Amino acid sequence: MSSTVRRLHIPRLCNEAVDDVVSIAEKATMMTAAAQKLEELFDILRIDHRNDHNMRDTPRRVAKMFVEEILQGRYNAPPEITEFENVDRYDQLIVTGPIEVRSMCAHHLMPIFGQAFIGVLPSPEGKIIGLSKYDRIVNYFSARLQIQEELVNQIGNFIMDTTKPRGLAVKISAVHMCKTHRGVRASSNSRMVNSAYYGEMQRNPDMKNEFLQECLGLDRMRD
């Protein structure tokens, strides 16, 4: 067995990236194999994907969707961080959002969708990263099978490790279709909200309150 095939079969947690970036050729092989398994699943469920005009080629489409979209954060490299000199030694709170969250629940393979807000206390001696990078970071960790409790920590830990601000806050508010479309079938307005705080944002209640007030203001502007 080749080293490439062995690497693709190393067990990893569903919301962790694989050890190395997966090449285009490896993704094509993965999609072909996944499509075959989906055909088997449809056969078990008595869905005629060969003759039903609505289902024809669905296994290939779904396999491609999983590899290139839903799980792409597992197979691609993390976003590169563009840094700018903090010339004026700015050290006040920066809040950005709402950032779209599109993920999939690890428990039932149902969509999770909502918004993230990020608050950063830059270090006067450090650097400031490009604003769009926060969106890319959220997208990167959302594009895998997830639970929201771990997603907020993955985003926060990555930003802290790569940019080292004085403080950081990450808040996510999202709808879970595993709750609205199955089981209890809750209202589509039912959301889960959770946050993660780091550094001075964790220690300073006034900073936390300022962040939450800014999130509320940004959310109202969206309405």
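**Note on the second largest pocket and strand S3**

1. The lining of the second largest pocket comprises, by class, seven nonpolar, six polar and four charged residues. The model under review is a predicted one, and the remarks below should be read with that in mind.

2. This second largest pocket has a volume of about 400 Å³. Its lining is made up of 17 residues, of which Glu69, Gln72, Arg102, Asn139 and Ala143 lie closest to the pocket centre. At least two lining residues come from each of the following elements: helix H3 (58-70), helix H4 (72-75), strand S2 and helix H5 (132-142).

3. Strand S2, which spans residues 94-105, is also joined to strand S3 by nine bridges, with the two strands running antiparallel. Within this pairing, Val101 has Gly114 of S3 as its bridge partner. The hairpin formed by S2 and S3 has five residues between the strands, and in that hairpin Leu109 adopts a positive phi near 55°; a colleague inspecting the backbone may wish to look at this residue.

4. Strand S3 also pairs with strand S6 (residues 167-176), again in the antiparallel sense, and here the pairing extends over 10 bridges. Leu121 is placed opposite Gly167 of S6.

5. How much of strand S3 is buried? The strand covers residues 111-121, and nine of its 11 residues are buried, so that S3 can be described as mostly covered, taking buried to mean under 20% relative accessible area. S3 thus has antiparallel pairing both with S2 and with S6.

Notes: Residues numbered from 1 in each chain as written. Predicted model: local features only at pLDDT ≥ 70, side-chain atom pairs only at ≥ 80, totals over all residues. Heavy atoms only, no water. Buried < 20%, exposed > 50% of the residue type's maximum accessible area, 1.4 Å probe, protein only. Helix = DSSP H or I, 4+ residues; strand = E, 2+ residues; numbered from the N terminus. Pairing = 2+ DSSP bridges. 1 Å grid on protein atoms, 1.4 Å probe; cavity = no way out; pocket = protein on both sides within 12 Å on 5 of 7 lines; lining within 4 Å. Points joined across faces, edges and corners; volume = space filled by probe spheres on them. Nonpolar A, V, L, I, M, F, W, Y, C, P; charged D, E, K, R; others polar.
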